Amino acid sequence: MNVSFYLLISAAMLSIGIYGIITLRHAIKIIMSIELILNSANINFVAFSAVANIGQAFAILVIAVSAAEICVGLAVIYNLYKIEGDVDAMEVDTLKW
Amino acid sequence: MISPLVGVIAVLASVMVIRSRDIVRAALYLIITFSAVGVLFLIARADFLGMMQILVYTGAVGVMMLLMVNLTKIEGSSIKRENRLIGGIISSIVFFVVALPALRINMVVNPTPSTKSVIAMFFHELLIPFEVISIVLLVALIGATYLLGGVKK
């Protein structure tokens, strides 16, 4: 299988994730977009592990970091929901002065 | 030639994650995307990484997404999108910047299984990053527990 096919899928998922981060308002969907971007990075690592196998090891590290990120992010969103009663990312201005 | 089909499924499901109005359906499409990416890893003979993708993402992250979606149920108003024009312009620029050089690469994905060498790296070259990542996970666990238990309201 050719590497550029994997890179095309990765580029498509990256641009879809960026579009989601810019346009969406629901905080959980923004986190889903972040997950899409991290997955596209992993596809890139796996595609280029034809050159060096260390790419797959980095992809495993990326999976661990994204698990930590999603854990803290969802905890923050749940607190936001308990305080504000909504998870709209455009309405969150508690820290704004 | 199952690989292009799986790639198209991954891209279409990730489009549906953004497009779908219902947030529960978005989470389910996200699980489909994760599974398709895992199958792509398995096709590229990244065996350990593919199994980790299916275990961690479709198992843990998918279930956690569904749990959080059902815990924070809201009605309607914040589902809609805005800034569509700016988002479309920026994301298409990013797509072409990344994809046009990618088409020139003439290289074949490594077809040999690589689990043994990848795991051996975590005991030699990548030992310190491995330990650091375990500390990061521990801190995230403690932080999430504190955040979920700490608000009185």
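**Exercise 1. Work out whether F95(B) is buried, partly exposed or exposed, then look at its ring partner.**

Step 1: F95(B) has 24% relative accessibility, so it counts as partly exposed (buried is under 20% relative accessible area, exposed over 50%, partly exposed in between, with a 1.4 Å probe and protein chains only).

Step 2: F96(B) comes out at 48%, so it is partly exposed.

Step 3: The ring centres of F95(B) and F96(B) sit 5.5 Å apart with planes at 70 degrees, so call this pair edge-to-face. Rings of Phe, Tyr and Trp (its six-membered ring) pair if their centres lie within 6.5 Å; planes under 30 degrees apart are stacked, over 60 edge-to-face, and the rest tilted.

A word on the setup: this is a predicted model, where local features need pLDDT of at least 70 and side-chain atom pairs count only at pLDDT 80 or more, while totals for chains, interfaces and linings use all residues. Residues are numbered from 1 along each chain as its sequence is written, chains are lettered from A and ligands numbered from 1 in the order written, and side-chain values use heavy atoms, leaving out hydrogens and water.

**Exercise 2. Find how many aromatic pairs the whole structure has, and classify F34(B) with Y57(B).**

Step 1: Searching over all chains gives five aromatic pairs.

Step 2: For F34(B) and Y57(B), the centres are 4.6 Å apart and the planes at 45 degrees, so the pair is tilted.

Step 3: F34(B) belongs to helix α2 (residues 23–43) of chain B and Y57(B) to helix α3 (residues 47–71) of chain B, so the pair ties together parts 23 residues apart in sequence. Helices here are DSSP runs (H or I, at least four residues), numbered from the N terminus.

Step 4: F34(B) is buried at 0% relative accessibility, and Y57(B) is buried at 0% too.

**Exercise 3. Describe what chain B and chain A share at their contact.**

Step 1: Chain B puts in 75 residues and chain A 68 residues, contact being heavy atoms within 4.5 Å.

Step 2: About 7000 Å² is buried between the chains, with carbon and sulfur atoms giving 77% (buried area is the accessible area, 1.4 Å probe, that two parts lose on being put together, summed over both).

Step 3: Between chain B and chain A there are zero salt bridges (a side-chain nitrogen of Lys or Arg within 4 Å of a carboxyl oxygen of Asp or Glu).

Step 4: Zoom in on L49(B): leaving aside residues up to four places away in sequence, L49(B) touches V46(A), Q56(A), A59(A), I60(A), I63(A) and F41(B).

Note on methods: Helices (H or I, at least four residues) and strands (E, at least two) are DSSP runs, numbered from the N terminus.
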